[in-house]
Each structure stands twice: as structure tokens, then as C-alpha cells.
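Trainee: I am new to this structure, and I would like to look closely at a single part. Could you take me through how the strands pair there?

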Amino acid sequence: MKKVSTWGMLMFLAAGLTLGATSCSDDDENLENVTPPEITVQKGSVQGTVTSLSGAVAGATVKMGNLSATTDASGAFTFADVTAGSYTLSVAVDGYETPADQTVNVKDGVASVANFVMAKIATTKVTVDVAATEEVKTEPIQAEVPAVAKEATIEYQATVPVGALEAPESGEEVVLEITTMSSSSAASRATNAVLGGVSVKTNAKFKNPILVDVAVSSEDVAREATVNKSNNGQITKGIFQVTGKIITISVDSNGDYSIVLPSVSITKNTNVTYVEVLNFDKDNTYGNAAAAVSNPSYSYNVGGSTSVTGNAYLVAYLAASAINSQSSVTGSYNLGFTSVPVGTGVSILGKQSKTETSTKATLGSLSAEVKTVLWGGVTFTTSSYNRQHTGGGSK
């Protein structure tokens, strides 16, 4: 007869069981003689990856409450033996924009997963002489693009026409800074059709617009693009013109200027399955002595993988929020005891969620498809059982 035990934090106390002359085929009517072990509830854990558009981010600092972890070469991090509760996770690393914090609800018996996508920052600065009689150009900078869409290059260069900027009243020298769009927008690019963009910052006053040339390698994409301007939380339509493969943005104030593909049509299909990562069973219901056991180990995945087909620029923004680094994590389930008495057994089943998504985009005659696999948390189900048996034979 099997009986599922109550979850609890009690360690199993192995009682000394006297081996009698009763054969295994004769059930003992006294159920107290065979007590199934109590399996220790595994404390929760949090694992995940930190990636940029082009790959894993090593050396990033991930904080969770008072705890801190550093990502390894594959961008993975781990917080083990975490007390159940709600935690806020944040990540930071030099050269990358800080993504939004995440909240994770840690539960006993669950290996939770939290992944971050951030973007590498490229910045160019130029000092502007407002009295100059010639226009000033910044050095061109390249935006980071997903590793699966390397052909989707985007280059930015600003031009300051003569008399466009006025020095501040403080008399400081005028500095213009252009920064590529960062991860504050990366996670939402796929849903908002954002291809890229720049943040513009200067201590000067705008008398006339400056111009930012955005060079792409596809005239079809440039022709379909529009520009959004964000300033102090207000989003308005930006002023721009397209010449061949060049999108020229008219910048008349500090703010963020995004390249948007509003005519993109998106279809998405998602399928969630569960993969077995641990199946431990020690059945000693018919044994003739206590059976030694050790904590079972298991392996599972964190992060995810991406495969793509089609137009590189459509791939670029579809894959901007995809996890593109995957690593394997090895864990050990703490049973809380080292032997299973005669007449009893224990079992543990661990399953990890696997989310497979296919996203298709069309833009006029252009199309692309991005398929992603995202690994989720691992949930454990434990049970212990007994047989009305006190030993005396073997199986």
C-alpha cells in the first residue's frame, strides 16, 4: 500500500527496525512498525542569464535583496538555498544600459528562473564652437545588433549646422553627446516595432535643428521607417526624411529618437511543455535491510536559444528581447536522510518548463521568422510510501 507523505521541513529519524521471522509475503498488521521517511523540502533557488543583443554578458553584477552574484562566461548566475518570499532582482555592468528590475516569488521546492536582456552602449561626444563658420560632425557610431542578424547594421552620425546651437548662459563650452538606443527599449522592440534609435543630449540651447543620419543597408527598410520622439515621457512624431538608405532625423531638443517600422504585421505561436530533469526512486518495500541513499543530482537549462530566417532587419527587432545564451546548471536535492528503512520507499520527480515560440513578421514584400526556446523553472514533486512489512526476505 502506498501513501503520499505530508510536505515538511522535518528530517527523517530512522527508527531501529527489528528483523523478524515474518516472510515478505506476510503483511504486518501494525503499521507503526514501518514509518516512511519524511523528505526535506528543497529550499528555493533562482538562476538565470544576462545577455545583450549580441551574446552573453560576463561579469555583470546581479543583486537580489542582500545577496549578490556575478555572471560567468555564459552570462549565467545562481542564488542557491533561498528562503521563500518575494525578491527584487537588478543587474548592472559597465558599458551596458541597466534593464528594468524583475520581481521573483521564490517558493520551496522550486528552482525559479529570471533572465535579463540588455543592450551595449555606444556613445560619441563632440565639442561645438558656436562661433564656428563650418558645420561640425560627430564620429559615426554603430548600434549593437543581435548576433543572429549581423547584416542588419545601423550607423549613426550627427551634423551640427552653423548657428544651430547657442551656448548656455553659464558660459560652459557646448558639448553634444549621441548615444545608441539602450536596453530601456530593447525588451519592447519586438512588440513596438522599434528598429533602433539614439538619445541626444547637449547643454546648449537649440536655435535650429541638428541632423542625425541613420544609415541602414536596405532601401526597403528605410522607406518603411518612421521616427518617434520621446521627451520627458511625452511621445510625439519626429521630423525626418529618407534618401536611399539614409534616414535623416531632425533633432530640435534633447530626448530619445526611435526608428519605428509601423507597418510590420506580427503573428506569434507559443507552446509550453515540461521536461523531466529528475526521476529518483528508492523502493525498499521488500528489502531485508535499510537501503543507503545519497542526495540525487540533476541538470537543467537556464537561458534560451534562437534560430532565425528571413530579412535581417525584421529579425533584428524580433530577436531584440530574445534570450540567446543557454547554459546547464547542476543541482542536488537534499533528502534529509541517508538510508531508507525496510518496508518503505521515497520518490522525487523534477520537471522544467520549456516555452517554444515562433514569431513571424512581414513588412511589404519582406518577411522573417524567429523561433525561440526559453527554459523556465523546475518544480519538484516528492512522495514517500510504506508497505506493511518488517523485513525477513529480499526482492
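Mentor: Strand β11 (residues 136-137) pairs with strand β13 (residues 155-160) in the antiparallel sense, over 2 bridges, where pairing means that DSSP finds at least two bridges between two strands, and where strands are DSSP runs (E, at least two residues) numbered from the N terminus. This is a predicted model, in which local features need pLDDT of at least 70, side-chain atom pairs count only at pLDDT 80 or more, and totals for chains, interfaces and linings use all residues. Residues are numbered from 1 along each chain as its sequence is written, and side-chain values use heavy atoms, with hydrogens and water left out.

Within the pairing of β11 and β13, K137 has T159 of β13 as its bridge partner. Strand β13 is also joined by 2 bridges to strand β12 (residues 141-142), again running antiparallel, and here I141 finds its bridge partner in Y156 of β13. A further antiparallel neighbour of β13 is strand β18 (residues 210-215), to which 5 bridges join it; one residue to look for is A158, whose bridge partner in β18 is V212.

Elsewhere, an open sheet of 6 strands follows the order β10-β15-β16-β23-β19-β20, with antiparallel pairing. Its edge strands, each pairing on one side only, are β10 (123-128) and β20 (234-237). At the β20 end, strand β19 (residues 226-231) is joined to β20 by 4 bridges, the two running antiparallel, and N231 has Q234 in β20 as its bridge partner. As you follow any strand, keep in mind that in a regular strand the side chains alternate between the two faces of the sheet.
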